[in-house]
Amino acid sequence: MKITILDDYFDTLRTLPCFSKLSGHQVTIWNDHVQEVDKLAERLKDTEVLVLIRERTQIRAPLIERLGKLRLISQRSVYPHIDIDACTARGVIVSSGQHAGTPSYAAAELTWALALAAARQLPQQMAALQSGNWQIGVGDTLRGKTLGIYGYGRIGNAVAGYGKAFGMKVIAWARVDSLKRAVADGFIAAASKRVFFEECDVLSLHMRLVKHTRGIVTATDLAQMKPSSILVNTSRAGLIEPGALVAALRAGRPGRAAVDVFEEEPLRNVEDPLLTLENVVATPHIGYVTHDEYELQFSDIFDQVVAYAAGKPTNVVNPKVLAG
(Lines give C-alpha, C1' and ligand atoms only; values in the text may rest on other atoms or scores of the structure.)
Protein backbone atom coordinates (compact mmCIF):
# COMPACT_ATOMS: atom_id res chain seq x y z
CA MET A 1 0.00 0.00 0.00
CA LYS A 2 0.99 3.60 -0.48
CA ILE A 3 1.19 5.20 2.96
CA THR A 4 1.76 8.87 3.66
CA ILE A 5 2.74 10.35 7.03
CA LEU A 6 2.29 14.08 7.56
CA ASP A 7 3.99 16.56 9.91
CA ASP A 8 6.87 14.42 11.14
CA TYR A 9 8.86 17.60 11.80
CA PHE A 10 12.15 15.97 12.84
CA ASP A 11 11.91 12.79 10.75
CA THR A 12 11.53 10.81 13.96
CA LEU A 13 9.14 8.03 13.03
CA ARG A 14 11.50 6.10 10.77
CA THR A 15 13.94 5.88 13.73
CA LEU A 16 11.41 4.13 16.00
CA PRO A 17 11.43 0.34 16.46
CA CYS A 18 7.71 0.21 15.62
CA PHE A 19 8.35 1.67 12.15
CA SER A 20 9.31 -1.84 11.02
CA LYS A 21 5.60 -2.72 11.19
CA LEU A 22 5.22 -0.84 7.89
CA SER A 23 7.85 -2.98 6.18
CA GLY A 24 6.80 -3.97 2.70
CA HIS A 25 4.67 -0.89 2.13
CA GLN A 26 5.60 2.25 0.19
CA VAL A 27 5.90 4.97 2.83
CA THR A 28 6.27 8.69 2.13
CA ILE A 29 7.03 11.00 5.06
CA TRP A 30 6.61 14.77 4.99
CA ASN A 31 8.62 16.79 7.52
CA ASP A 32 7.06 20.21 7.00
CA HIS A 33 3.57 21.47 7.80
CA VAL A 34 1.13 22.30 5.02
CA GLN A 35 -2.54 23.12 5.45
CA GLU A 36 -3.46 24.50 2.02
CA VAL A 37 -5.94 22.15 0.37
CA ASP A 38 -4.38 22.37 -3.11
CA LYS A 39 -0.91 21.48 -1.84
CA LEU A 40 -2.20 18.66 0.34
CA ALA A 41 -4.33 17.27 -2.47
CA GLU A 42 -1.28 17.13 -4.72
CA ARG A 43 0.85 15.46 -2.05
CA LEU A 44 -1.81 12.90 -1.20
CA LYS A 45 -3.23 12.18 -4.64
CA ASP A 46 -1.88 8.60 -4.70
CA THR A 47 -2.20 7.93 -0.97
CA GLU A 48 -4.17 4.90 0.15
CA VAL A 49 -3.39 5.16 3.87
CA LEU A 50 -2.88 8.47 5.66
CA VAL A 51 -1.10 8.49 9.02
CA LEU A 52 -1.59 11.58 11.17
CA ILE A 53 0.39 12.92 14.11
CA ARG A 54 -2.36 13.98 16.46
CA GLU A 55 -4.17 17.15 15.31
CA ARG A 56 -1.42 18.88 13.39
CA THR A 57 -3.27 18.89 10.05
CA GLN A 58 -6.97 19.51 9.47
CA ILE A 59 -8.57 16.86 7.26
CA ARG A 60 -11.85 18.40 6.05
CA ALA A 61 -14.37 17.68 3.30
CA PRO A 62 -12.79 19.90 0.58
CA LEU A 63 -9.60 17.84 0.88
CA ILE A 64 -11.21 14.43 1.38
CA GLU A 65 -13.32 14.89 -1.75
CA ARG A 66 -10.14 15.19 -3.82
CA LEU A 67 -8.43 12.08 -2.48
CA GLY A 68 -9.93 9.38 -4.66
CA LYS A 69 -7.49 6.66 -3.64
CA LEU A 70 -7.63 7.24 0.13
CA ARG A 71 -9.08 4.28 2.04
CA LEU A 72 -7.80 4.64 5.61
CA ILE A 73 -6.81 7.38 8.06
CA SER A 74 -4.89 5.96 11.01
CA GLN A 75 -4.15 8.01 14.11
CA ARG A 76 -4.52 7.95 17.90
CA SER A 77 -6.72 9.81 20.38
CA VAL A 78 -9.50 12.30 19.63
CA TYR A 79 -10.28 13.52 16.11
CA PRO A 80 -11.85 17.00 16.04
CA HIS A 81 -9.56 17.79 13.09
CA ILE A 82 -11.12 15.11 10.86
CA ASP A 83 -14.47 15.44 9.09
CA ILE A 84 -15.80 12.00 9.97
CA ASP A 85 -19.02 12.40 7.97
CA ALA A 86 -17.08 13.33 4.84
CA CYS A 87 -14.82 10.31 5.33
CA THR A 88 -17.83 8.02 5.67
CA ALA A 89 -19.45 9.48 2.56
CA ARG A 90 -16.27 8.80 0.58
CA GLY A 91 -15.76 5.31 1.99
CA VAL A 92 -12.70 6.25 4.03
CA ILE A 93 -12.20 4.32 7.28
CA VAL A 94 -10.95 6.31 10.26
CA SER A 95 -9.13 4.20 12.84
CA SER A 96 -8.23 5.93 16.10
CA GLY A 97 -7.45 4.07 19.31
CA GLN A 98 -8.31 5.97 22.49
CA HIS A 99 -5.54 4.49 24.68
CA ALA A 100 -8.02 3.90 27.49
CA GLY A 101 -5.56 2.08 29.72
CA THR A 102 -2.56 4.39 29.60
CA PRO A 103 -2.13 8.08 30.34
CA SER A 104 0.37 10.21 28.45
CA TYR A 105 3.10 10.31 31.06
CA ALA A 106 5.01 12.60 28.70
CA ALA A 107 2.20 15.18 28.90
CA ALA A 108 1.91 14.75 32.66
CA GLU A 109 5.64 15.29 33.08
CA LEU A 110 5.59 18.40 30.92
CA THR A 111 2.67 19.74 32.96
CA TRP A 112 4.74 19.43 36.09
CA ALA A 113 7.81 20.88 34.42
CA LEU A 114 5.79 23.95 33.37
CA ALA A 115 4.38 24.38 36.88
CA LEU A 116 7.88 24.32 38.34
CA ALA A 117 9.26 26.59 35.62
CA ALA A 118 6.56 29.19 36.25
CA ALA A 119 6.91 28.99 40.02
CA ARG A 120 10.68 29.51 39.88
CA GLN A 121 10.74 31.85 36.84
CA LEU A 122 13.17 29.49 35.10
CA PRO A 123 12.96 30.88 31.53
CA GLN A 124 13.27 34.45 32.80
CA GLN A 125 16.18 33.59 35.10
CA MET A 126 17.96 31.75 32.28
CA ALA A 127 17.46 34.66 29.88
CA ALA A 128 18.83 37.09 32.47
CA LEU A 129 21.90 34.94 33.09
CA GLN A 130 22.56 34.61 29.37
CA SER A 131 22.35 38.38 28.96
CA GLY A 132 24.92 39.03 31.67
CA ASN A 133 22.57 39.66 34.58
CA TRP A 134 22.32 37.77 37.85
CA GLN A 135 19.11 37.01 39.77
CA ILE A 136 16.02 38.89 38.56
CA GLY A 137 13.45 37.97 41.20
CA VAL A 138 12.24 35.62 43.91
CA GLY A 139 10.33 32.46 43.04
CA ASP A 140 7.81 30.37 44.97
CA THR A 141 8.01 27.01 46.70
CA LEU A 142 5.22 24.55 45.85
CA ARG A 143 5.36 22.48 49.03
CA GLY A 144 2.40 23.29 51.26
CA LYS A 145 0.51 25.02 48.46
CA THR A 146 -2.74 23.87 46.82
CA LEU A 147 -2.72 22.12 43.46
CA GLY A 148 -6.02 22.05 41.57
CA ILE A 149 -6.76 19.41 38.93
CA TYR A 150 -9.62 20.47 36.63
CA GLY A 151 -10.78 17.28 34.93
CA TYR A 152 -9.69 14.15 36.73
CA GLY A 153 -8.76 11.65 34.03
CA ARG A 154 -5.62 9.62 33.40
CA ILE A 155 -3.26 12.58 32.99
CA GLY A 156 -4.93 14.53 35.79
CA ASN A 157 -4.42 11.56 38.09
CA ALA A 158 -0.70 11.40 37.23
CA VAL A 159 -0.22 15.14 37.83
CA ALA A 160 -2.10 14.89 41.12
CA GLY A 161 0.38 12.22 42.15
CA TYR A 162 3.30 14.51 41.36
CA GLY A 163 1.70 17.25 43.46
CA LYS A 164 1.28 14.88 46.39
CA ALA A 165 4.92 13.81 46.10
CA PHE A 166 5.92 17.49 46.31
CA GLY A 167 3.93 17.94 49.50
CA MET A 168 1.02 19.86 47.99
CA LYS A 169 -2.63 19.75 48.98
CA VAL A 170 -4.44 18.39 45.93
CA ILE A 171 -8.04 19.28 45.15
CA ALA A 172 -10.10 18.39 42.09
CA TRP A 173 -13.06 19.72 40.14
CA ALA A 174 -14.67 17.59 37.47
CA ARG A 175 -17.78 15.61 36.58
CA VAL A 176 -19.40 13.72 39.46
CA ASP A 177 -17.97 10.33 38.47
CA SER A 178 -14.48 11.79 38.07
CA LEU A 179 -14.69 13.53 41.43
CA LYS A 180 -15.64 10.24 43.05
CA ARG A 181 -12.50 8.66 41.58
CA ALA A 182 -10.38 11.55 42.85
CA VAL A 183 -11.75 11.12 46.36
CA ALA A 184 -11.23 7.36 46.16
CA ASP A 185 -7.60 8.05 45.21
CA GLY A 186 -7.14 10.14 48.36
CA PHE A 187 -7.60 13.64 46.97
CA ILE A 188 -10.13 16.33 47.88
CA ALA A 189 -13.22 17.30 45.90
CA ALA A 190 -13.68 21.07 45.78
CA ALA A 191 -16.91 22.35 47.33
CA SER A 192 -17.78 24.26 44.15
CA LYS A 193 -16.23 25.56 40.96
CA ARG A 194 -15.89 29.02 42.49
CA VAL A 195 -14.15 27.70 45.58
CA PHE A 196 -11.88 25.62 43.35
CA PHE A 197 -10.67 28.67 41.42
CA GLU A 198 -10.35 30.75 44.58
CA GLU A 199 -8.25 28.22 46.52
CA CYS A 200 -5.76 26.93 43.94
CA ASP A 201 -2.17 28.12 43.94
CA VAL A 202 -1.50 26.02 40.85
CA LEU A 203 -4.49 25.10 38.68
CA SER A 204 -3.96 22.60 35.87
CA LEU A 205 -6.45 21.81 33.10
CA HIS A 206 -6.91 18.17 32.07
CA MET A 207 -9.97 17.78 29.86
CA ARG A 208 -10.62 16.77 26.30
CA LEU A 209 -11.85 19.53 24.05
CA VAL A 210 -15.37 18.60 23.01
CA LYS A 211 -18.51 20.63 22.46
CA HIS A 212 -19.51 20.85 26.13
CA THR A 213 -15.99 21.69 27.37
CA ARG A 214 -15.18 24.42 24.84
CA GLY A 215 -14.85 27.68 26.79
CA ILE A 216 -15.57 25.90 30.07
CA VAL A 217 -13.05 28.17 31.83
CA THR A 218 -14.54 31.65 31.71
CA ALA A 219 -13.26 35.14 32.38
CA THR A 220 -15.26 35.07 35.63
CA ASP A 221 -13.49 31.88 36.70
CA LEU A 222 -10.06 33.37 36.06
CA ALA A 223 -10.93 36.58 37.91
CA GLN A 224 -11.52 34.50 41.04
CA MET A 225 -7.94 33.21 41.09
CA LYS A 226 -5.26 34.53 43.42
CA PRO A 227 -2.82 37.18 42.14
CA SER A 228 -0.07 34.74 43.13
CA SER A 229 -1.58 31.72 41.37
CA ILE A 230 -0.42 29.86 38.28
CA LEU A 231 -2.70 28.48 35.55
CA VAL A 232 -1.23 25.54 33.62
CA ASN A 233 -2.74 24.35 30.33
CA THR A 234 -1.25 21.39 28.51
CA SER A 235 -4.64 20.14 27.28
CA ARG A 236 -6.27 22.43 24.69
CA ALA A 237 -6.46 26.21 24.34
CA GLY A 238 -10.15 26.03 23.48
CA LEU A 239 -11.00 25.00 27.04
CA ILE A 240 -10.59 28.67 27.95
CA GLU A 241 -13.01 31.34 26.74
CA PRO A 242 -11.41 33.16 23.77
CA GLY A 243 -9.30 36.10 24.87
CA ALA A 244 -10.00 35.48 28.55
CA LEU A 245 -6.57 34.25 29.57
CA VAL A 246 -4.62 37.15 28.11
CA ALA A 247 -7.04 39.65 29.65
CA ALA A 248 -6.85 37.90 33.01
CA LEU A 249 -3.05 37.85 33.00
CA ARG A 250 -2.96 41.54 32.22
CA ALA A 251 -5.40 42.14 35.09
CA GLY A 252 -3.23 40.10 37.45
CA ARG A 253 -5.55 37.16 38.19
CA PRO A 254 -4.02 34.66 37.80
CA GLY A 255 -0.56 36.08 38.31
CA ARG A 256 1.12 33.65 35.94
CA ALA A 257 0.36 31.08 33.27
CA ALA A 258 2.26 28.15 31.79
CA VAL A 259 0.87 26.94 28.47
CA ASP A 260 1.72 24.34 25.85
CA VAL A 261 -1.34 24.85 23.64
CA PHE A 262 -2.67 27.71 21.54
CA GLU A 263 -5.77 28.66 19.57
CA GLU A 264 -3.68 28.70 16.39
CA GLU A 265 -1.12 25.96 15.85
CA PRO A 266 1.59 26.05 14.70
CA LEU A 267 1.87 29.51 16.28
CA ARG A 268 4.14 31.64 14.08
CA ASN A 269 3.18 35.11 15.33
CA VAL A 270 6.00 36.21 17.61
CA GLU A 271 3.85 39.15 18.70
CA ASP A 272 1.17 36.90 20.19
CA PRO A 273 0.55 38.10 23.78
CA LEU A 274 1.17 34.63 25.21
CA LEU A 275 4.71 34.89 23.83
CA THR A 276 5.35 38.47 24.92
CA LEU A 277 3.81 38.71 28.38
CA GLU A 278 6.48 38.44 31.08
CA ASN A 279 4.23 36.36 33.33
CA VAL A 280 3.83 33.51 30.83
CA VAL A 281 5.93 30.40 30.28
CA ALA A 282 5.12 28.90 26.88
CA THR A 283 6.16 25.79 24.94
CA PRO A 284 5.12 24.75 21.38
CA HIS A 285 2.68 21.87 22.06
CA ILE A 286 5.37 19.38 23.06
CA GLY A 287 3.39 17.59 25.76
CA TYR A 288 3.41 14.26 23.90
CA VAL A 289 6.59 14.86 21.90
CA THR A 290 9.11 12.38 23.30
CA HIS A 291 10.70 9.33 21.72
CA ASP A 292 9.07 7.08 24.31
CA GLU A 293 5.59 8.52 23.75
CA TYR A 294 5.99 8.35 19.97
CA GLU A 295 6.92 4.68 20.19
CA LEU A 296 3.86 4.00 22.34
CA GLN A 297 1.48 5.95 20.11
CA PHE A 298 2.74 4.87 16.71
CA SER A 299 2.99 1.23 17.66
CA ASP A 300 -0.80 1.41 17.99
CA ILE A 301 -1.24 3.55 14.88
CA PHE A 302 0.84 1.20 12.72
CA ASP A 303 -1.00 -1.80 14.17
CA GLN A 304 -4.19 -0.24 12.82
CA VAL A 305 -2.59 -0.02 9.38
CA VAL A 306 -1.50 -3.66 9.56
CA ALA A 307 -4.99 -4.72 10.63
CA TYR A 308 -6.54 -2.85 7.70
CA ALA A 309 -4.10 -4.47 5.28
CA ALA A 310 -5.20 -7.86 6.65
CA GLY A 311 -8.83 -6.99 5.99
CA LYS A 312 -9.70 -6.60 9.69
CA PRO A 313 -9.71 -2.86 10.51
CA THR A 314 -9.63 -2.00 14.21
CA ASN A 315 -10.65 1.00 16.35
CA VAL A 316 -12.99 2.19 13.58
CA VAL A 317 -14.75 5.41 14.63
CA ASN A 318 -17.09 5.47 11.61
CA PRO A 319 -18.37 1.87 11.43
CA LYS A 320 -21.06 2.83 8.90
CA VAL A 321 -18.34 2.87 6.25
CA LEU A 322 -17.85 -0.87 6.75
CA ALA A 323 -21.46 -1.59 5.93
CA GLY A 324 -21.10 0.18 2.62
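This passage describes a parallel sheet and helix H12, which packs on it, in a predicted model.

Strands of a sheet pair through backbone hydrogen bonds, in either a parallel or an antiparallel arrangement. In this model, 5 strands form an open sheet in the order E2-E1-E3-E4-E5, and their pairing is parallel. Strand E2 (26-29) and strand E5 occupy the edges; each has a single partner strand, so one side of each lacks a neighbour in the sheet. From one strand to the next, the twist averages 20°. The pairing of E1 with E2 runs in the parallel sense over 4 bridges, and isoleucine 5 lies opposite isoleucine 29 of E2.

Helix H12 packs on this sheet, where it touches E1, E3, E4 and E5. The direction of H12 makes an angle of about 155° with that of E4. The helix comprises 19 residues (residues 291-309), which at 1.5 Å a residue should span 27 Å; this agrees with the 26 Å that separates its end C-alpha atoms.

An α-helix has 3.6 residues a turn, so residues three or four places apart point the same way. The buried residues of H12 include Glu293, Tyr294, Gln297, Phe298 and Ile301. Also buried in H12 are Ser299, Phe302, Gln304, Val305 and Ala307. The elements that cover these buried residues include strand E1 (2-5), strand E3 (49-51), strand E4 (72-76) and strand E5 (93-97), together with helix H4 (105-119). Just after H12, glycine 311 adopts a positive phi of about 80°.

Notes
Residues numbered from 1 in each chain as written. Predicted model: local features only at pLDDT ≥ 70, side-chain atom pairs only at ≥ 80, totals over all residues. Heavy atoms only, no water. Helix = DSSP H or I, 4+ residues; strand = E, 2+ residues; numbered from the N terminus. Expected span 1.5 Å × (residues − 1). Buried < 20%, exposed > 50% of the residue type's maximum accessible area, 1.4 Å probe, protein only. Contact = heavy atoms within 4.5 Å. Pairing = 2+ DSSP bridges. Axes fitted to C-alpha atoms, helices over the stretch in contact; angles between N-to-C directions.
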